[in-house]
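Trainee: Could you pick one part of this model and take me through it closely, then show me what sits around it?

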Amino acid sequence: MTETTKPLLAALKGGHPDRTPIWLMRQAGRYLPEYRELRARSKGFLDLCYSPDLATEVTLQPLRRFDLDAAILFSDILVVPHGLGQTVWFAEGEGPRLDPIRDAAGLAALDPERVTSFLAPVYETAARVKAALPEGRALIGFAGAPWTIATYMVEGGSSKDFLNTKRWAYGDPDGFQVLIDLIVDATVRHLEAQIAAGAEAVQIFDSWAGALDEDGFDRWTVTPIRSIASRIRAAHPDLPIIGFPNRAGTLYEHFVRNAGVDAVSVDPTWSVEAIATRLRPHVAVQGNLDPGRLVAGGPDLTRRVRKICDRLAPMGGFVFNLGHGVLPPTDPGHVAQVIAAVREADAARV
């Protein structure tokens, strides 16, 4: 099977593959007992990301258990600031921590040219996964979008209001642009290296896009992602690029028209009809099952999956996914239930 006939790649380019492709954001992770067992053997989360032996195994675990159409490289969006030279660590039970950067002196310590050498173990993982993939399955590479990465770098971790980042972005946009440009450059290098190692599509996660107003969204989400996409496409014109402007509301439409991506991952706040009429005419679409429904399971889960598939799959250019990542309390049996419902929806249309 050639890359062009892999269901995921065909759908991301707007095609009608023989079956609806499925993959799930965060499909490798804590909800799987085999992941938890392997995670206990690593020294820490970043050690797991930087161990090709362990990260390859984690990436492939969901494909051994489920009938999925793609593997997404097991890594983290914060390896990019780590590669730039910022101190990054994960506090057990608390999430990511970074030494915050909030001025020109902090920017001067960052070096995009060290990213690919520092992150060489990640690309080794990608190469190993690509070599081990079952026939017909694709490998997805990924990176965080510049706005989202910047929020972690400036806040020093997660945030509810992003005030330090917004104070810089809105109060000194030219100074903040220097940080964004550094992240854009590092992200292109990181994605290019994943592609060279075997990634066949890439997704750019803007997890905190919904925190921006209209003007901020255009400058700090759309424009940097368009820059990344144009540089990737110049070297890889046929490689699908997926954007994910999480919780961007009505600004999704501006994104799909202007960000230069082939496909958009849609969060759960969008109705199926709105996806079909307002987004799908412009790009391929991916999503958008609420991860909470995956936790709950039951007949309503199957009904919701069928509703999404019955409206969007006949249009082509559709990938079934969640509207965000798999949650840790999820029963793996519910993932199998979702996949069965998608396959049943396909069979009903034949």
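**From a recorded span to helix α11**

Mentor: Let's start with residues 140–156, where the span is 59% helix and 29% strand, and the end C-alpha atoms lie 28 Å apart. Keep in mind that this is a predicted model. The reason to start there is a record: an unreviewed UniProt entry lists residues 21–30 and 140–156 for "domain: Uroporphyrinogen decarboxylase (URO-D)". The other span, residues 21–30, is 0% helix and 0% strand, with 23 Å between its end C-alpha atoms.

Now to the sheet. Strand β4 covers residues 138–144 and pairs with β1 in the parallel sense, over three bridges. Within that pairing, Ala138 of β4 is the residue opposite Ala70. Both strands belong to an open sheet of seven, ordered β1-β4-β5-β6-β7-β8-β9, with parallel pairing. β1 (70–72) and β9 (318–322) each have a single partner strand, so they are the edges and each has one side without a neighbour in the sheet. Ignoring direction, neighbouring strands here are turned by 25° against each other on average.

The part I'd really look at is helix α11, so follow two of its residues. His190 lies in α11 and has 2% relative accessibility, which means it counts as buried. Skip its neighbours within four places in sequence, and His190 still contacts Val79, Val80, Val115, Leu119, Val122, Tyr123, Phe142 and Ala143. Gln194 is also found in α11, and its relative accessibility is 1%, so it counts as buried too. With the same exclusion, Gln194 is in contact with Leu73, Tyr123, Gly141, Phe142 and Ala199. Notice that Tyr123 and Phe142 turn up in both contact lists.

What does α11 bring to the nonpolar core? The largest core has 129 residues, and Phe176, Leu179 and Phe320 have the most contacts inside it. Helix α11, residues 173–197, supplies the largest share of that core, at 12 residues. Take Phe176: leaving out anything up to four places away in sequence, it touches Trp147, Ala150, Val154, Thr165, Trp168, Ala169 and Trp220.

Trp220 leads us to the helix partner. α11 packs against helix α12 (residues 214–235) at an angle of about 35°, and their axes are 10 Å apart. The crossing of α11 past α12 is right-handed. On the α11 side the contact includes Phe176, Ile180, Val184, Val188 and Leu191, along with polar residues such as Gln177, Asp185 and Glu192. On the α12 side, Trp220, Pro224, Ile228 and Ile232 are among the residues taking part, as are Arg219 and Arg231.

A second helix worth a click is α14 (residues 272–279). Its buried residues are Val272, Ala274, Ile275, Ala276 and Leu279. Those residues pack against α13 (251–258), β7 (263–266), β8 (284–289) and α16.

β8 also has a backbone oddity for you to check. Gly287 and Asn288 are joined by a cis peptide bond, with omega about -15°, and Asn288 is placed in strand β8. For background, most peptide bonds are trans, and most residues other than glycine have a negative phi. Two non-glycine residues with positive phi deserve a look as well. Phe162 has phi near 55° and sits in the loop between α9 (146–155) and α10 (163–171). With a relative accessible area of 5%, Phe162 is buried. Arg247 has phi near 60° and belongs to the loop between β6 (241–245) and α13. Arg247 is partly exposed, at 49% relative accessibility.

Glycine gets a turn too. Strands β2 (residues 88–91) and β3 (residues 95–98) pair in the antiparallel sense over four bridges, and Val88 has Leu98 of β3 as its bridge partner. Three residues lie between the strands of that hairpin, where Gly93 takes a positive phi near 80°.

Last stop: Gly298, in the loop between α15 (291–296) and α16 (299–312). Gly298 is partly exposed, at 31% relative accessible area. Measuring C-alpha to C-alpha in the viewer, you can check that Gly298 and Gln337 are 8.9 Å apart in space while being 39 residues apart in sequence.

Conventions
Residues are numbered from 1 along each chain as its sequence is written. This is a predicted model: local features need pLDDT of at least 70, side-chain atom pairs count only at pLDDT 80 or more; totals for chains, interfaces and linings use all residues. Side-chain values use heavy atoms; hydrogens and water are left out. A nonpolar core is a set of buried Ala, Val, Leu, Ile, Met, Phe, Trp, Tyr and Cys residues joined through side-chain atoms within 4.5 Å. Buried means under 20% relative accessible area, exposed over 50%, partly exposed in between (1.4 Å probe, protein chains only). Contact means heavy atoms within 4.5 Å. UniProt positions are given in the numbering used here, feature names are shortened, and annotations may be inferred rather than shown by experiment. Two strands pair if DSSP finds at least two bridges between them. Axes are lines fitted to C-alpha atoms, for helices over the stretch in contact, and angles run from 0 to 180 degrees between N-to-C directions. A crossing is left-handed if the near helix is turned anticlockwise from the far one by less than a right angle, and right-handed if clockwise.
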